[in-house]
Amino acid sequence: MTRHRPHIVPSVLSADFGNLVHDVRTVQRAGAKSVQIDVMDGHFVPNITVGPIVVAALRKQTSIFLDVHLMIEKPWKYLDAFAKAGADLLTVHWEACPRPRQVVRHIKNLGLKAGVAIRPKTSERVLFSLLPEIDLALVMTVEPGFGGQAFMPRMLSKVQALKRRIRLQGHPCEIQVDGGINLKTAPLAAEAGATSLVAGSAVYGAPDAAEAFKKLQRSVDLPVDAQVEYPLKLR
């Protein structure tokens, strides 16, 4: 039977920041088409991570698609800086944007792909009206802010609802799942309708990140009759 795979997106939050370029190249050689950079400000979430300088440093050293997840307050203030740094996709949180549609349009006007994320406490319905304009809807399956948390299986109902809405309305929008993805949970998220799965500690916490990435990709093979579209073209 012909099979396909939702793509695994390694999160560099769990990588070795002293060897960040090496760790990104490791998964790229293993077949990764993109990596996610988690940006945290210590306000929207309690942790603090990186900013545009790190994105720019990676952009100079790799051609991989840079998926930048902004877990920050007032993300619209920093969109231009991340675009200039070389991000390919900017995902903002619905909860951090009083006017999410304006933020999405700003991202698109910068020539980037646009995503909107929701925390576990937020209903997927808030994304329905945005689906015609966004490239990616991100369902958090842990509370944002820290890596290594346990997967929340009840969040998969949100993925299923978004999948139905996208099919009903014909919007070319990817569904990404982020949080607690491993060999056990990745197939569950894929079956629910996710087209993109973010994995941090399951990849970079393993002794061999390249092999861990490959195993995760193999774990989400789906039968041809379960295929979904992949509108987010990765360079």
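Where does C97 lie? Select C97 and you'll land in the loop between β5 (89–93) and α4 (100–109). We'll come back to this spot shortly, but first zoom out.

**The whole chain**

What you have on screen is a predicted model. Colour the protein chain by pLDDT if your viewer allows: the average is 92, and 91% of the residues score at least 70. Switch to a cartoon view, and the secondary structure comes to eight helices and 10 strands.

Now turn the chain around. Its C-alpha atoms fill a box of roughly 45 × 40 × 30 Å along the principal axes. How does the radius of gyration fit with a compact globule? The protein chain has 16 Å, which agrees with the value near 18 Å that a compact globule of 235 residues would have.

Put on a surface next. The accessible surface comes to about 10500 Å², and carbon and sulfur atoms account for 51% of that. As for what sits underneath, 54% of the 235 residues count as buried. The chain also brings together residues that are separated in sequence: among contacts between residues at least 6 apart, 68% join residues at least 24 apart.

Want to see the charges? Pick out the 30 positive and 21 negative side chains; the centres of the two sets lie 3 Å apart.

**Back to C97**

Select C97 again and hide the surface. Buried or exposed? C97 counts as buried, because its relative accessibility is 4%, under the 20% cut-off. Show what is around C97: leaving aside neighbours within four places in sequence, it is in contact with P75, W76, V92 and V103. Then draw a distance from C97 to V116: the two are 19 residues apart in sequence, and their C-alpha atoms are 9.7 Å apart in space.

**K74**

Move on to K74, in the loop between β4 (65–71) and α3 (79–85). Look at the backbone here: K74 has a positive phi of about 45°, although it is not a glycine. With 46% relative accessibility, K74 counts as partly exposed.

**S123**

Your next selection is S123, in the loop between β6 (113–118) and β7 (136–140). S123 is partly exposed too, with a relative accessible area of 32%. Add M155 to the selection: it is 32 residues from S123 along the chain, and the C-alpha atoms of the pair are separated by 9.7 Å.

**R164**

Now for a helix. R164 is found in α5 (residues 156–169). Is R164 buried or exposed? It counts as exposed, since its relative accessibility is 55%. Try a distance from R164 to Q217, 53 residues away along the chain: their C-alpha atoms are separated by 24 Å.

**S196**

Head for strand β9 (residues 196–199), where you'll find S196. At 1% relative accessibility, S196 counts as buried. Which residues is S196 in contact with, apart from neighbours within four places in sequence? Show P6, H7, V9, E174, I175, Q176 and V177. One more distance to draw: S196 and V220 are 24 residues apart in sequence and 10 Å apart in space, C-alpha to C-alpha.

**Last stop**

Finish by selecting residues 224–231. Here pLDDT stays under 50, and the model has 18 contacts beyond four places in sequence for this stretch.

Note on methods:
Residues are numbered from 1 along each chain as its sequence is written. This is a predicted model: local features need pLDDT of at least 70, side-chain atom pairs count only at pLDDT 80 or more; totals for chains, interfaces and linings use all residues. Side-chain values use heavy atoms; hydrogens and water are left out. Helices (H or I, at least four residues) and strands (E, at least two) are DSSP runs, numbered from the N terminus. The radius of gyration is taken over C-alpha atoms; the globule rule is 2.2 Å times the number of residues to the power 0.38. Buried means under 20% relative accessible area, exposed over 50%, partly exposed in between (1.4 Å probe, protein chains only). Contact means heavy atoms within 4.5 Å. Accessible areas come from the Shrake-Rupley method with a 1.4 Å probe; for residues, only the protein chains shown count as cover. Lys and Arg count as positive and Asp and Glu as negative; His and the chain ends are not counted. The place of a charge is taken as NZ of Lys, CZ of Arg, CG of Asp or CD of Glu. pLDDT is the predictor's confidence in each residue, from 0 to 100.
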